[in-house]
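Hi,

Here is the structure I said I'd send over. Have a look at it, then read on for what turned up.

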Amino acid sequence: MIDIKKIEKNEVIPGWEKGYKEVYRSCLANRGEDVALVDRALEYNQKRKEIVQFVEATKSEQNKMSQEIVKLKKAGEDASGILKEMQKLSAQGKEKGKELEGVESELNNLMQTLPNICHFETPMGASEAQNVEKKVFGEKPSFDFKIKDHVDLGENLGILDFETAGKVTGARFSYLKGKGALLERALTQFMLNMHTIDHAYEEISTPFIVNATSMYGTGQLPKFKDDAFQVSDTDFFLIPTAEVPVTNYYAKEILAEEDLPKYFVAGTPCFRSEAGSYGKDTRGLFRQHQFIKVELMKFAHPDNSYEEHEKLTQNAEKVLEALGLHYRRMELCTGDMGYGAAKCFDLEVWLPGQDQFREISSCSNFEDFQARRANIRFRPKGGKPQFVHTINGSGLAVGRTLIAVLENYQNKDGSIEVPEVLRPYMAGLKSITL
RNA sequence: GGAGAGGUGGCUGAGCGGUUGAAAGCACCAGUCUUGAAAACUGGCGAGGGUGUGAGCCCUCCGAGAGUUCGAAUCUCUCCCUCUCCGCCA
């Protein structure tokens, strides 16, 4: 959530060198949202303030009279006149209070759907075509034979089974078997070990089901309800990413300043309805309703959250590099960025089976957008509590990494060479063969 | 699932219809003392909102929501959570 007071005050933002309101309007436009929403929010807020002032003045009057009553009663005098007046005031206040509730909830509903303001470095653009390539690692692998994609490779090796998953569950689910299941487990372990041991993240094992409040906290609700699986007749949701249970770990808390930054890593299944992507990426493991992801998450001090964001992105890149996978880092433009992010890098891995780069990690700095929603703060020395900055990114999506390994490490005979770094996690196995 | 106990400020914990935003302690901050630190002493110390250039003033908040009342942390109802015991189960 953004801060309505910041729009009102319209202070100049460092980096942008323009007023908050103007910057936010242009961000809205560049994200493809209705700019008029800003004015509507300001309008609601103005109305809200007016009613608040009335309600509070009434309440103040009541409080004073209440003291009078105490005095009269103690003195043993008659208070019936003042009591009648109180009744009137009380009724009046309650009525206005109802009105206030209505306006507040309208304002809040609107604010909940407004995207974050963009960081000044984020490129302006309408779609992914305006994303900016920041870095390329490695090269396209060359093959002197006709390559297969991961579906053919996996099914031929008997480690991947979509048909049975279709029977047992439905479309967009899969079974991994034997060495395939082992490979998935090895990848997860490898990533978790790297981040805990080399990058100093604390591993955290989370609930895979969260309540609606938590989903609001990180911004999945109310706007993207259809993207998540809800447990019927409850306000529980299957987590679409570990970002939700990890970020909400400190919801409604005030951290000590010296505790920042906090680093967490969680390897969890993720569940997504993929409601908006019918017919898209229907082949293989690429877009499933369920997949494992190792998620990196930081609670950072506002003063250095962009350094932490950069470091986190590098931590994710390290996984791809250790696996010897060709990838590039893209800086997302305003139009392609998630609505809570102020700045976002996508890591895209080369998939020979698709002959293109595909997203395997998304590393975002939300600044105080999620922290304001979830109410996560820290106390600066001797100062008022302030919102922390939250940063997260995949390090990496395990399902897609598995695709990348299968396709990039395939041999002519359809076997898969196991990348060196994974072998310790697979009992020394050098290749997956029939 | 059954029976009981409970949820109060950063933490511990009193209060159980009317000057209670809330005793006390810890933690924290400032000062005195000290070469410095500790200890001791003194003072300060919750959050959100409204208003004002400002000091300030006002409103709200004692798990959440609804109710009773002129007035609720205190009474009633619903829900959530925690703990203890029983049952069931991985």
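Below are some notes on the RNA side first, then the protein interior.

This is a predicted model, where local features need pLDDT of at least 70, side-chain atom pairs count only at pLDDT 80 or more, and totals for chains, interfaces and linings use all residues. Residues are numbered from 1 along each chain as its sequence is written, chains are lettered from A and ligands numbered from 1 in the order in which they are written, and side-chain values use heavy atoms, with hydrogens and water left out.

On to the RNA. There are 21 residues around RNA strand B, and Arg-48, Glu-56, Lys-59, Asn-63 and Met-86 come nearest (a residue is near if one of its heavy atoms lies within 4 Å of the strand). Helix 3 gives the largest share of that surface, 12 residues (helices are DSSP runs of H or I, at least four residues, numbered from the N terminus). By type, the surface splits into nine charged, seven polar and five nonpolar residues (Asp, Glu, Lys and Arg count as charged; Ala, Val, Leu, Ile, Met, Phe, Trp, Tyr, Cys and Pro as nonpolar; the others, Gly among them, as polar). Of the RNA atoms within 4 Å of the protein, 79% are sugar and phosphate. Still, Glu-56 has a side-chain N or O atom 2.9 Å from a base nitrogen, while for Asn-63 the partner at 2.9 Å is a phosphate oxygen.

As for the interior, Leu-187 is in contact (heavy atoms within 4.5 Å) with Leu-323, Val-398, Thr-401, Leu-402, Val-405 and Leu-422, leaving aside neighbours within four places in sequence.

Cheers

Technical notes: A polar contact is a pair of N or O atoms within 3.5 Å; within protein, one must be able to donate a hydrogen and the other to accept it, and residues adjacent in sequence count only if both atoms are side-chain atoms. Helices (H or I, at least four residues) and strands (E, at least two) are DSSP runs, numbered from the N terminus.
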